[in-house]
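Q: Could you take one part of this model and walk me through it closely? I'm in my first year, so plain words would help.

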Amino acid sequence: MTTIHGKYILLTGGSRGIGPVIAEALAARGAHLALAARSEEGLLATANQLSKFGTKTMIVAVDLSQASEQMELVETVMNNFGRIDILINNAGLETEGAYLDLSWEAIQKTVEVNLLAPMRLTHLVLPTMIAQKSGHIVNIASVAAKIGAPYAATYCATKAGLAEWTRALRLELEGNGIHFSTILPGYINEVGMFAKFQIQSPSLIGSTNPDEVARAVVKAIEKDKLELFVNSSPARMLSVACEISPALGDWLKKILGVVDFQRKKVEKKW
Ligand SMILES: NC(=O)c1ccc[n+]([C@@H]2O[C@H](COP(=O)([O-])OP(=O)(O)OC[C@H]3O[C@@H](n4cnc5c(N)ncnc54)[C@H](OP(=O)(O)O)[C@@H]3O)[C@@H](O)[C@H]2O)c1
């Protein structure tokens with residue numbers, strides 16, 4: 001079992017949504033947090049929230065779609081903390097819309113933030129982790145990685161890419177003391193990127209909440225869990241069906257209301 005107490009953690013997406021909830025769960029266990037996102041105001045609010053735990057907190061305002069800023073982020077954290085024990089790639093964005101209605105720039109940015117930034121940050125922190133013979137990379141993917149939700153094609157591509165890339169790298173680096181985990185949350189209604197729609201996910205698909213995601217991150221680190229699915233059982237079964245039989249998966253997505261939910265969400269009919 002890995003102890004979180006005293007670990008130095010770089011968490012992206014620390015300014016709003018799920019990030020601050022994950023940060024609080026980790027600081028409560030005695031971790032020191034470097035929080036990264038674009039909004040300095042949001043990061044400061046999260047840092048204030050963490051002050052009660054008496055651990056070290058630093059913030060870095062950074063645009064993760066910019067390669068130069070990714071490098072600056074890691075350098076800044078290393079200069080201040082001296083080490084990064086755990087990297088949590090949580091920052092992400094969702095580009096809602098029919099594929100052809102989206103600008104190429106929006107599609108590209110989604111890939112940059114959701115997939116390329118985690119890959120690059122990992123590339124930057126791994127050499128030190130390998131040298132210290134310990135480290136943990138936690139990637140926040142999504143149930144979308146497994147089910148191919150329509151009207152979220154780019155988002156699904158980035159999350160599926162993130163999940164498979166994690167699986168591959170985990171085996172490649174086995175024996176080096178580096179652990180990799182993927183967290184697969186479902187819809188979250190309270191906060192985060194879908195909360196703005198003010199709609200409930202289809203009842204047969206269910207939902208999760210930020211605390212459950214934070215608990216999954218803690219569990220992944222402490223118990224070295226490879227993949228944690230954080231959602232109701234029907235959504236889990238849907239993902240398994242999609243893997244076993246794509247045709248069955250497509251049929252289930254229609255009858256479980258996933259296709260209608262996604263379409264209506266982008267048509268803003270709710
Ligand atoms: N909410 C859900 O239902 C749900 C479900 C499954 C998975 N997830 C995943 O959970 C993670 C967090 O999602 P969330 O719901 O908390 O989303 P959110 O509320 O939209 O927050 C996204 C976070 O990412 C940061 N971010 C976005 N673009 C960035 C950029 N270019 N550079 C640096 N930081 C950037 C945002 O900060 P700034 O705007 O300040 O930069 C913010 O802190 C994402 O990876 C998401 O895909 C969410």
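The answer below starts with one helix and works outward from there.

A: Sure, and keep in mind that this is a predicted model. Let's pick helix 1, which covers residues 18–28. Is it mostly covered or mostly open? Mostly covered: eight of its eleven residues are buried. The buried ones are Ile18, Gly19, Pro20, Val21, Ile22, Ala23, Leu26 and Ala27.

So what does the covering? The list includes strand 1 (8–12), strand 2 (32–37), helix 2 (40–50), strand 4 and helix 7. You can look at one piece of that packing from the side of leucine 33. Leaving out neighbours within four places in sequence, leucine 33 is in contact with Ala23, Leu26 and Ala27, and also with Ile9, Leu11, Leu50, Thr55 and Thr57. Ala23, Leu26 and Ala27 are among the buried residues of helix 1.

Now zoom out to the nonpolar core. In soluble globular proteins, nonpolar side chains tend to be buried together. Here the largest nonpolar core has 71 residues. Ile22 and Leu33 are among those with the most contacts inside that core, along with Ile9, Leu35, Ile183 and Val217.

Not every residue of helix 1 is hidden, though. Glutamate 24 sits in this helix too. Buried takes 20 or more other C-beta atoms within 10 Å, and glutamate 24 has 19 C-beta neighbours inside 10 Å, so it counts as partly exposed. Not counting residues up to four places away in sequence, glutamate 24 touches Gln49 and Leu50. Leu50 is also a contact of leucine 33. For a sense of distance, glutamate 24 and threonine 158 are 26 Å apart, C-alpha to C-alpha, and 134 residues apart in sequence. After helix 1 comes glycine 30, with a positive phi near 90 degrees.

Next, the sheet. Strands 1, 2 and 4, which help cover the helix, belong to an open sheet of seven strands in the order 3-2-1-4-5-6-7, with parallel pairing. Strand 3 (57–61) and strand 7 are at the edges with a single partner strand each, so one side of each has no neighbour in the sheet. From one strand to the next, the twist averages 15 degrees. Follow strand 4 (residues 86–89) and you'll find four bridges joining it to strand 5, the two running parallel. Isoleucine 88 stands opposite valine 138 of strand 5.

Other helices lie across these strands. Helix 4 crosses strand 4, strand 5 and strand 6 (178–185), at about 175 degrees to strand 4. Helix 6 (residues 153–172) lies across strand 5 and strand 6, at about 160 degrees to strand 6.

Two loop residues are worth a look as well. Most residues other than glycine have a negative phi. Lysine 133, in the loop between helix 4 (104–131) and strand 5 (135–140), has a positive phi of about 55 degrees. Lysine 133 counts as exposed, because it has 9 C-beta neighbours inside 10 Å. Aspartate 224 has a positive phi of about 50 degrees, and its place is in the loop between helix 7 (210–223) and strand 7 (227–230). With 13 other C-beta atoms within 10 Å, aspartate 224 is partly exposed.

Last stop, the ligand. There are 28 residues around it, and Gly17, Arg38, Ser39, Gly92 and Gly192 come nearest. By class, this shell has 13 nonpolar, twelve polar and three charged residues.

Conventions: Residues are numbered from 1 along each chain as its sequence is written. This is a predicted model: local features need pLDDT of at least 70, side-chain atom pairs count only at pLDDT 80 or more; totals for chains, interfaces and linings use all residues. A residue is near a molecule or strand if its C-beta atom, placed from the backbone, lies within 6 Å of it. Ala, Val, Leu, Ile, Met, Phe, Trp, Tyr, Cys and Pro count as nonpolar, Asp, Glu, Lys and Arg as charged, and the others, Gly among them, as polar. A nonpolar core is a set of buried Ala, Val, Leu, Ile, Met, Phe, Trp, Tyr and Cys residues joined through C-beta atoms within 7 Å. A residue is buried if 20 or more other C-beta atoms lie within 10 Å of its own, exposed if 12 or fewer, and partly exposed in between; C-beta atoms are placed from the backbone. Two residues are in contact if their C-beta atoms, placed from the backbone, lie within 7 Å. Two strands pair if DSSP finds at least two bridges between them. Axes are lines fitted to C-alpha atoms, for helices over the stretch in contact, and angles run from 0 to 180 degrees between N-to-C directions.
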